[in-house]
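Visitor: I would like a close look at one enclosed space in this protein. Please take me through what surrounds it, then set it in the wider fold.

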Amino acid sequence: MNKYMLSIAATAVIAAGAVSAEEVRVYNWSDYIDEELLTQFEEETGIDLIYDVFDSNEVLETKMLAGGSGYDIVVPSGTFLQRQITAGAFQPLDYDMLPNSGNLWDVIQARTDQYDPGNLYAINYMWGTTGLGVNIGKVTEALGEDAPMDSLSLIFDPANMEKLADCGVHFLDAPVELVPAALAYIGEDPDSQDPDVIALAEPVLAAVQPYVTKFHSSEYINALANGDICVAFGWSGDILQARDRAAEAENGVEIAYNAPTEGALMWFDMMAIPADAPNPEGAHKFLDFIMDAQNMAAASNYVYYANGNFASQEFLVEDVIGDTAIYPDAATLENLYTTRPYDARVQRVVTRMWTRIKSGT
């Protein structure tokens, strides 16, 4: 066999290996898993894991509804999941391939049922609330000892925001979070689907927009931890990550998270398999791996979010399971609300409104 034929033979072997090598592609939120779990999955299964991240539901939804995402697992929030199920973006789960599904928490499944009736298409990964992250020292300095750190007036009263602007305020770049919060603040139904009611949120948000340093759905973690901003309206686990990073850095920054007394949105991030997933069998293996009680506990212990896996709770560190900011007490749970997805017509109204608010026009 000459050199040319040897080269062809080697290329054929390499190509055959590339074809036969199994891989699973996962698209998840940024800063949302203990990366040691990714390595562990590869070692236990022999499957190559391609792991990409995003930081907004809108980015994921654009990719999903366009089709051909190339991913085997994606992680939409509950309201987006419901809309994407309706659009045919996901395939039903085969629970025969998910023996660890017995670890799921019926309390959370009862809540996610409103987005995915029968929990046919997705499992809960993490859940939490949306609320107020505060740098206690800087907010006290700006607003005094009686600063309303557990009230939406902290961020929706222009008089407060004008004073906080000097130390920096970040809002999520997420109308499905901010619009309901603004409605709750003025005593309206945060789950309203009525465009006339939804419109009442615009003046609330527009009045404080000039004092918002940035609308972004992930940068506030480091900004809070480093003391670059003093307030963030964001996701509970992100703010608690910022709190712990600041504590570890011993930089003098003390962060607290509060679910607003006016009510806080309870959200759910769900793992689902796209209808056109290249490797649905491998996707089921990944889901079952995540639903292992110790693996799910490792994820929660890393990101400081509550999860929908009841069996994992015995493996959670006390800083997670014992923190009512992560696993709320009964009184706080009672004060949490959920929201349904907007239909296409209302979504257009909200999208246009959000563009106006962010641009200040």
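Visitor: How much space lies in the second largest cavity? Please also tell me which residues line the second largest cavity.

Guide: The model is predicted, so local features need pLDDT of at least 70 and side-chain atom pairs count only at pLDDT 80 or more, while totals for chains, interfaces and linings use all residues. Residues are numbered from 1 along each chain as its sequence is written, and side-chain values use heavy atoms, with hydrogens and water left out.

About 90 Å³ of space lies in the second largest cavity. A cavity is a set of points, on a 1 Å grid over the protein atoms alone, where a 1.4 Å probe fits but cannot get out; lining residues have an atom within 4 Å of a point. Grid points are joined across faces, edges and corners, and the volume is the space filled by probe spheres set on them.

Now the wall. Asn57, Ser77, Gly78, Thr79 and Tyr115 are among the lining residues. So are Val176, Glu177 and the run Leu265, Met266, Trp267 and Phe268. Thr339 completes the list. By class, the lining has six nonpolar residues, five polar and one charged. Here Ala, Val, Leu, Ile, Met, Phe, Trp, Tyr, Cys and Pro count as nonpolar, Asp, Glu, Lys and Arg as charged, and the others, Gly among them, as polar.

Strand S9 gives the largest share, four residues. Helix H4, helix H9 (175–185) and S9 each supply at least two. These elements are DSSP runs, numbered from the N terminus: helices are H or I of at least four residues, strands E of at least two.

Take Thr339 next. Thr339 lies in the loop between strand S11 (336–337) and helix H18. Thr339 counts as buried because its relative accessible area is 8%; buried means under 20%, exposed over 50%, and partly exposed in between, with a 1.4 Å probe and protein chains only. Leaving out residues up to four places away in sequence, Thr339 touches Thr79, Tyr115, Pro180, Pro190, Asp191 and Leu265. A contact means heavy atoms within 4.5 Å. Thr79, Tyr115 and Leu265 are also in the cavity lining.

S9 leads on to the core. The largest nonpolar core has 121 residues. S9 (residues 264–272) gives the most to this core, with eight. Such a core is a set of buried Ala, Val, Leu, Ile, Met, Phe, Trp, Tyr and Cys residues joined through side-chain atoms within 4.5 Å. Val139, Ile155, Phe156, Leu164 and Phe171 have the most contacts inside it. Leave aside neighbours within four places in sequence, and the contacts of Phe171 include Ile155, Phe156, Met161, Leu178 and Phe233.

After S9 comes a loop. Asp276 lies there, between S9 and helix H14 (280–290). Asp276 counts as partly exposed, because its relative accessibility is 40%. Asp276 touches Gly67, Gly68 and Ser69, not counting residues up to four places away. Asp276 and Asp72 are 204 residues apart along the chain, yet their C-alpha atoms are separated by 8.1 Å.

Now the other spaces. The structure holds six cavities of 30 Å³ or more. The largest has about 140 Å³. Of its 15 lining residues, Trp29, Trp235, Asp238, Asp269 and Tyr305 lie nearest its centre. That lining has six nonpolar, five polar and four charged residues.

The largest pocket has a volume of about 210 Å³. A pocket is an open set of points with protein on both sides within 12 Å along at least five of seven lines. Of its 13 lining residues, Glu58, Pro175, Gln347, Thr351 and Trp354 are closest to the centre. Helix H3 (57–66), H4 (78–86) and H18 (344–359) each give two or more residues to this lining. H4 therefore serves the pocket and the second largest cavity. The pocket lining divides into four nonpolar, five polar and four charged residues.

Last, the whole chain. There are 18 helices and eleven strands. Buried residues make up 53% of the 361 residues. Among contacts between residues at least 6 apart in sequence, 74% join residues at least 24 apart. The C-alpha trace spans about 85 × 50 × 45 Å along its principal axes.
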